[in-house]
Amino acid sequence: MNKLFPPLPSPRLRSAVVCRSYLKRYITTSPAFDSDESREVEDFGTYNVILPEEPFVWGVSHITRRPVPSHIVRPKYAVQLDPPMSSEIDHTQQYEGDGRIILGSTDEKRLRAAATLAKNVRQYAGSLVQPGVTTNSIDAAVHNFIIAHEAYPSPLLYKGFPRSCCTSVNNVVSHGIPDDRPLEDGDIINIDVTVYFNGFHGDTSSTFLVGDVDEPGRDLVQMTNAALEAGIDACGPGRPFNGIGRAIHEIVRNTCHSVCPAFAGHGIGTVFHRPPWIYHTQNEEPGVMLPGHCFTIEPSLVQGSNPSVWIFPDGWTASTENCARSAQAEHMILITETGVDVLTQ
């Protein structure tokens with residue numbers, strides 16, 4: 001689950017009106033607000049656009065969360081919110097130091113175990129993807145799988161998030177809330193899972209193809225995976241954090257895709273989100289990778305040249321403004337003395 005950075009503006013319902021004016025099976029233009037009819041039409045392929053249901057329901061207080069057995073160890077933010085759901089809870093995550101893990105320690109073993117479990121959950125979630133399956137049923141299965149392994153689903157109650165994983169379909173870039181819409185032939189879906197196990201978070205995601213996806217959709221997913229690999233290749237002890245964004249920029253810049261700058265990777269361990277922040281576009285973020293640093297790389301790629309997003313009335317779901325599709329891929333990276341280990345691969 002990525003870090004929303006910087007914060008996005010309030011929901012922009014005009015975008016929903018614009019998107020709803022398109023045919024459900026459509027060729028869209030970019031950007032959504034451009035009134036210049038002479039602008040070149042971008043063919044993003046054939047797929048169904050995801051939009052908030054009407055009438056709009058604000059927030060997520062109406063969504064019933066899944067229960068977690070009392071013996072499961074929870075992260076601090078979940079303890080604060082369990083049982084009540086309150087907007088007055090302080091969700092600030094406290095962290096200190098540079099977040100580095102002592103290599104060879106018990107903490108490293110626990111971190112690796114959390115990452116391995118997250119990988120297994122991601123693979124299990126992917127096995128459930130097929131036409132006709134709802135994202136809500138995927139979330140229920142993921143929730144039960146995590147609980148059965150004596151872990152806590154980290155997204156649940158994080159800043160009030162009401163589900164146990166994020167499911168982002170087609171034009172949804174990130175933080176999609178599982179619901180009762182059945183997946184359809186031709187969809188693409190990112191499933192982002194995070195587990196809290198033995199005091200450490202493990203975080204990973206992948207975008208899956210649902211049935212027969214058109215060529216532009218397959219190309220988007222393939223390029224997203226390539227962007228993630230390029231970012232990983234830029235990692236190693238003594239290498240700059242901003243080299244990750246530079247590497248991703250170089251592999252994407254001559255394609256028909258763009259990188260969404262609204263979401264960043266993040267340091268991870270005993271805390272869900274903490275520095276170092278990992279930007280996936282060109283940036284001047286200071287700092288170098290040192291042995292023991294653990295962080296996520298999770299680029300979101302968007303079709304076309306407009307990576308702008310808007311937030312649904314639920315306060316979480318981030319969609320492209322012009323309804324272009326998006327894909328995301330994520331791994332956890334541990335910097336070692338001699339190189340890098342991809343913990344969720």
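The expected span of a helix is 1.5 Å times one less than its number of residues. Helix α3 can be set against that rule. It covers residues 106-127, 22 residues in total, and reaches 32 Å from its first C-alpha to its last. That is close to the 32 Å expected at 1.5 Å a residue. The model discussed here is predicted.

## The chain as a whole

The chain holds six helices and 16 strands. Of its 345 residues, 57% are buried. Contacts with a separation of 6 or more are dominated by distant partners: 74% of them join residues 24 or more positions apart. The exposed area comes to about 14,400 Å². Carbon and sulfur atoms supply 51% of that area.

## Helix α3 and its surroundings

Ser105 caps the N-terminal end of α3. One of its side-chain oxygens lies 3.3 Å from the backbone nitrogen of Asp107. Buried residues run along the helix, including Glu108, Leu111, Ala114, Leu117, Val121 and Ala125. Two basic residues, Lys119 and Arg122, are also buried in α3. The buried residues of α3 pack against one helix, α4 (135-148). They also pack against strands β5 (188-197), β6 (200-209), β10 (294-297) and β15 (331-335).

The whole structure contains eight aromatic pairs. One of them joins Tyr124 and Phe145, and it is stacked, with 4.6 Å centre to centre and 20 degrees between the planes. This pair links helix α3, which holds Tyr124, to helix α4, which holds Phe145, across 21 residues. Why does Tyr124 count as partly exposed? Its relative accessible area is 28%, and the partly exposed class lies between the 20% and 50% cut-offs.

Helix α4 also carries Asp139. Asp139 is buried, with a relative accessible area of 0%. Its side chain makes a polar contact of 2.7 Å with the side chain of Arg66. Beyond residues up to four places away in sequence, Asp139 touches Arg66, Arg163, Ser164, Cys165 and Pro178.

## Annotated positions

UniProt, in an unreviewed entry, places the feature "binding site" at Asp203, His266, Glu298 and Glu330. These positions are spread over 128 residues of sequence, yet they cluster in space, with a largest C-alpha distance of 10.9 Å. The unreviewed entry also lists His175 and His273 under "binding site".

Where does Glu330 sit? It is in the loop between β14 (326-328) and β15. Its relative accessible area is 0%, so Glu330 is buried. Leaving aside neighbours within four places in sequence, its contacts include Asp203, His266 and Glu298. Met1 and Thr344 are also among the contacts of Glu330.

His266 is found in strand β8 (residues 263-267). It counts as buried at 0% relative accessibility. His273 lies in the loop between β8 and β9 (274-278). Is His273 buried or exposed? It is buried, at 3% relative accessibility.

His273 has side-chain polar contacts with two residues named here. One is with the side chain of His266. The other is with the side chain of Tyr158. Tyr158 in turn belongs to a cluster that ring pairs form with Tyr77 and Phe272.

The side-chain polar contacts described in this report are set out below.

| Side chain | Partner side chain | Distance |
|---|---|---|
| Asp139 | Arg66 | 2.7 Å |
| His273 | Tyr158 | 2.8 Å |
| His266 | His273 | 3.5 Å |

## Backbone details

His175 combines an annotation with an unusual backbone angle. It lies in the loop between β4 (172-174) and β5. Its relative accessible area is 4%, so His175 is buried. Its phi is positive, about 65 degrees, although it is not a glycine.

Asn198 also has a positive phi, near 55 degrees, in a residue other than glycine. Asn198 lies in the loop between β5 and β6. It is partly exposed, with a relative accessible area of 47%.

Cis peptide bonds come next. One joins Glu54 and Pro55, with omega about 0 degrees. Pro55 is found in the loop between α1 (13-20) and α2 (76-81). Another joins Pro275 and Pro276, with omega about 5 degrees. Pro276 has its place in strand β9.

Terms used: Residues are numbered from 1 along each chain as its sequence is written. This is a predicted model: local features need pLDDT of at least 70, side-chain atom pairs count only at pLDDT 80 or more; totals for chains, interfaces and linings use all residues. Side-chain values use heavy atoms; hydrogens and water are left out. Helices (H or I, at least four residues) and strands (E, at least two) are DSSP runs, numbered from the N terminus. Buried means under 20% relative accessible area, exposed over 50%, partly exposed in between (1.4 Å probe, protein chains only). Contact means heavy atoms within 4.5 Å. Accessible areas come from the Shrake-Rupley method with a 1.4 Å probe; for residues, only the protein chains shown count as cover. A polar contact is a pair of N or O atoms within 3.5 Å; within protein, one must be able to donate a hydrogen and the other to accept it, and residues adjacent in sequence count only if both atoms are side-chain atoms. Rings of Phe, Tyr and Trp (its six-membered ring) pair if their centres lie within 6.5 Å; planes under 30 degrees apart count as stacked, over 60 as edge-to-face and the rest as tilted. UniProt positions are given in the numbering used here, feature names are shortened, and annotations may be inferred rather than shown by experiment.
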